[in-house]
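This report walks through one protein chain for a reader at the bench. Please keep the sequence and the three-dimensional view at hand while reading.

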Amino acid sequence: MVDFNAVRKKEERVWPCNPSDTQLCEIDDSNDFCSLMDLFDLPMIGGNFTWYKSAGSAKSRLDKILLLED
């Protein structure tokens with residue numbers, strides 16, 4: 001099962017502490033799914049993050065547009 005709220009790269013999330021093994025596995029799972037389905041993620045224009053918590057102590061790029069390559 002893929003969590004579509006997972007980031008696809010470590011750079012897409014700022015954690016208040018080091019990422020856990022579970023969070024790193026979510027990145028791998030998300031990338032594996034996109035690869036399997038031939039999906040690509042449109043790059044963002046503007047800010048690097050779409051979700052913020054506690055005045056920016058945690059932030060992520062969760063909003064994505066996934067397209068089929070063909």
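## A nonpolar patch on the surface

A patch, as the word is used here, is made of residues with over 30% relative accessible area and no salt bridge, and nonpolar side chains are joined into one within 5 Å. In this predicted model, such a nonpolar patch is formed on the surface by Phe40, Leu42, Ile65 and Leu67, which together have about 300 Å² of accessible area.

One of these residues, leucine 42, is found in the loop between strand 2 (39–41) and strand 3 (51–53). Leucine 42 has a relative accessible area of 31% and is therefore partly exposed.

## Overall build

The chain contains 1 helix and 5 strands, and these elements follow one another from the N terminus in the order β-α-β-β-β-β. Along the principal axes, the C-alpha trace spans about 40 × 30 × 15 Å. Of the 70 residues in the chain, 23% are buried.

## The sheet

An open sheet is built from 3 strands, which are arranged in the order 1-4-3 with antiparallel pairing. Strand 1 (13–14) and strand 3 stand at the edges and have a single partner strand each, so one side of each lacks a neighbour in the sheet. In general, the strands of a sheet pair through backbone hydrogen bonds, and they may do so in parallel or antiparallel fashion.

Strand 1 and strand 4 (residues 58–60) run antiparallel and are joined by 2 bridges. Within this part of the sheet, valine 14 stands opposite lysine 59 of strand 4.

## A network of charged side chains

How many salt bridges does a search of the whole structure find? The search finds 3 of them. As a general point, side chains of opposite charge can pair when their charged atoms come close.

In one salt bridge, the side chains of glutamate 12 and arginine 61 meet at 3.1 Å, N to O. This pair links distant parts of the chain, since glutamate 12 belongs to the segment before strand 1 and arginine 61 to the loop between strand 4 and strand 5 (66–68), with the two residues 49 apart. Glutamate 12 is buried, at a relative accessible area of 7%, and arginine 61 is buried as well, at 8%. Glutamate 12 also meets the side chain of lysine 64 in a salt bridge of 3.6 Å, N to O. Because lysine 64 lies in the loop between strand 4 and strand 5 while glutamate 12 lies in the segment before strand 1, this pair ties together parts that are 52 residues apart in sequence.

Arginine 61 has a further partner in aspartate 41, and these side chains meet in a salt bridge at 2.9 Å, N to O. Here too the pair links distant parts of the chain, with aspartate 41 in strand 2 and arginine 61 in the loop between strand 4 and strand 5, 20 residues apart. Aspartate 41 counts as buried, with 15% relative accessibility. Through shared partners, these salt bridges join Glu12, Asp41, Arg61 and Lys64 into one network.

## Cysteines

The structure holds 0 disulfides. Cysteine 34 takes part in no disulfide, and the nearest cysteine sulfur, which belongs to cysteine 25, is 16 Å away; for a disulfide, the two sulfur atoms would have to lie within 2.5 Å.

Which of the two cysteines is buried, and which is partly exposed? Cysteine 34 counts as buried, because its relative accessibility is 2%, whereas cysteine 25, at 42% relative accessibility, counts as partly exposed.

## An aromatic pair and an unusual backbone angle

The count of aromatic pairs comes to 1. Phenylalanine 49 and tyrosine 52 form this pair, which is edge-to-face, with 6.4 Å from centre to centre and 75 degrees between the planes. Phenylalanine 49 is buried, with a relative accessible area of 16%, while tyrosine 52 counts as partly exposed at 49% relative accessibility.

Aspartate 38, although not a glycine, has a positive phi of about 55 degrees. This residue is placed in the loop between helix 1 (21–36) and strand 2, and aspartate 38 counts as partly exposed, with 44% relative accessibility.

Technical notes:
Residues are numbered from 1 along each chain as its sequence is written. This is a predicted model: local features need pLDDT of at least 70, side-chain atom pairs count only at pLDDT 80 or more; totals for chains, interfaces and linings use all residues. Side-chain values use heavy atoms; hydrogens and water are left out. Buried means under 20% relative accessible area, exposed over 50%, partly exposed in between (1.4 Å probe, protein chains only). Rings of Phe, Tyr and Trp (its six-membered ring) pair if their centres lie within 6.5 Å; planes under 30 degrees apart count as stacked, over 60 as edge-to-face and the rest as tilted. Patches are made of residues with over 30% relative accessible area and no salt bridge: like charges are joined within 9 Å, nonpolar side chains (Val, Leu, Ile, Met, Phe, Trp, Tyr) within 5 Å. Accessible areas come from the Shrake-Rupley method with a 1.4 Å probe; for residues, only the protein chains shown count as cover. A salt bridge is a side-chain nitrogen of Lys or Arg within 4 Å of a carboxyl oxygen of Asp or Glu. Helices (H or I, at least four residues) and strands (E, at least two) are DSSP runs, numbered from the N terminus. Two strands pair if DSSP finds at least two bridges between them.
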